[in-house]
Amino acid sequence: MLSFEKLYSMGHEEVVFFSEPSCGLKAIVAIHDTTLGPALGGTRMWNYASEEEAVEDVLRLSKGMTYKAAISGLNLGGGKAVIIGDPKKDKSEALFRAYGRFIESLNGRYISAEDVNITVNDIDHVYTETNYVCGVAKSHGGSGNPAPYTALGVFRGMQASAMKTWGSKSIKDKIVAIQGVGSVGLELGKLIAEDGGKILFTDISEDNIKRFKAEIPNAEFVEPDAIYGANADIYAPCALGATINDDTIDQLKCKIVNGAANNQLKEDRHGDILKEKGILYAPDYLINAGGLMNVSIEFEGWNDSKSRRMIDTIYDTTLDIFNLSEEKNISVNKATDLLAERRLESMKKIQTTFLGRGSDHRFPGSKVRHSML
Ligand code: NAD
């Protein structure tokens, strides 16, 4: 249940319910923290079993975005939105335009984008009503499909993990087990193959298996349940969350876990177990932030090389996190949260300086916001 106690405990600033009965719009926007800038995060459409479930989801996801933006060095805060409804039946131009008008009314405190079940077409309707949205079509000056950029970040994380484990960032001759060869898994596979890595892969979609084989003929298919125990150096989860859990953790033979999926650890303690087992875990919400970095550039005028340069920084940040985890003898997931919290705390502190009358440069992220207006 939504309560002030809950908001205080999770650190949220604002939660807004938008309703427009004429088109059946039921949307909830959660703004978690705007210390670093406007809250950016996608909109998810889902047929939630209850409003309570939708609230839980939007609170959890928006908090995750604060940490993701902070660790990625972005001048953005954390936010997320959910639209309650059946994506197959309830979508309409009116629904997304009504939603866009509500986002406009938040005056830039929240910026939306695509998430689960929201397409570029849907976002284009939102964009008709507000500029506070990104991930719009390339024909509208947007950045298009984020998957190649997400995959690039995951690959930079993999290079940092290889450097930490084997003293070289090369993936040549290493065996990588990819779980899920959808949009990101496919692009990641291409980068691994280009670097001379060997690939084992699994998926449950015949079409995606065929597409992957056509693109990387040397890659070897393994059954979905066999991916955890595969003889691989690196396990790259690119399908589902929570695949590092009590059932799978003892099957792993790899030295590194490094993939695109969100929330790979079922529980925090699984990060500790990986550490005890000597398996290096690349921080999921940092290394899969390439897509977020890519859309954040839309507000300055999107440009491929600018985006790639920003994503390249994931390599150094991943190494910093590994070093902090070692120095403090804590799991990588805890070290990642700690580094993100340190940045948030230090940026909060510098905002106490009065900038003089007439200045509206109130927080570092205002640069992002101003360039949109
Ligand atoms: P996708 O839907 O295109 O691909 C997921 C693939 O996983 C599909 O081919 C699907 O068939 C397969 N899959 C599903 N269940 C499986 C199972 N049990 N075993 C094996 N394969 C299974 O999704 P995506 O955009 O490639 O994203 C992959 C992951 O990365 C997701 O967890 C997503 O949340 C995360 N992520 C994606 C992006 C992005 O830019 N797309 C950004 C950040 C994080």
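Here are four short exercises on this predicted model, each with a worked solution.

Residues are numbered from 1 along each chain as its sequence is written. Because the model is predicted, local features need pLDDT of at least 70 and side-chain atom pairs count only at pLDDT 80 or more, while totals for chains, interfaces and linings use all residues; side-chain values use heavy atoms, with hydrogens and water left out.

**Exercise 1. The ligand**

Task: describe the shell around the ligand and list polar contacts to the ligand's oxygen atoms.

Solution. Start with the neighbours: 18 residues surround the ligand, and Thr150, Ser183, Val184, Asp203 and Asn208 are the closest. A residue counts as near if one of its heavy atoms lies within 4 Å. Next, sort the shell by class: nine residues are nonpolar, eight polar and one charged. Here Ala, Val, Leu, Ile, Met, Phe, Trp, Tyr, Cys and Pro count as nonpolar, Asp, Glu, Lys and Arg as charged, and the others, Gly among them, as polar.

Now look for polar contacts (pairs of N or O atoms within 3.5 Å). Asp203 places a polar side-chain atom 2.6 Å from a ligand oxygen, and for Asn262 the distance from a polar side-chain atom to a ligand oxygen is 3.1 Å. From Gly182, a polar backbone atom lies 3.5 Å from an oxygen atom of the ligand. Finally, of the 830 Å² of accessible area (Shrake-Rupley method, 1.4 Å probe) that the ligand has on its own, the protein covers 72%.

**Exercise 2. The open sheet**

Task: give the strand order of the six-stranded open sheet and find its edges.

Solution. First read the order, β9-β8-β7-β10-β11-β12, with parallel pairing. Strands are DSSP runs of E, at least two residues long, numbered from the N terminus, and two of them pair if DSSP finds at least two bridges between them. Then find the edges: β9 (220-221) and β12 each have a single partner strand, so one side of each lacks a neighbour in the sheet. To check one pair, take β8 (residues 198-202), which is parallel to β9 over two bridges. In this pair, Leu200 stands opposite Glu220.

**Exercise 3. The hairpin**

Task: work out how β1 and β2 are joined.

Solution. Strands β1 (residues 14-20) and β2 (residues 25-33) run antiparallel, with seven bridges between them. Val15 stands opposite Ala30 in β2. The two strands form a hairpin with four residues between them, and Gly24 in the turn has a positive phi of about 80 degrees.

**Exercise 4. The enclosed space**

Task: find the cavities of 30 Å³ or more and describe the lining.

Solution. A cavity is a set of points on a 1 Å grid over the protein atoms alone where a 1.4 Å probe fits but cannot get out, and lining residues have an atom within 4 Å of a point. The whole structure yields one cavity of 30 Å³ or more. The largest cavity has a volume of about 30 Å³, and its lining includes Ala177, Tyr228, Leu252 and Lys253. By class, eight lining residues are nonpolar, none polar and one charged.

How values were computed. Polar contact = N/O pair within 3.5 Å; in protein donor to acceptor, adjacent residues only side chain to side chain. 1 Å grid on protein atoms, 1.4 Å probe; cavity = no way out; pocket = protein on both sides within 12 Å on 5 of 7 lines; lining within 4 Å. Points joined across faces, edges and corners; volume = space filled by probe spheres on them.
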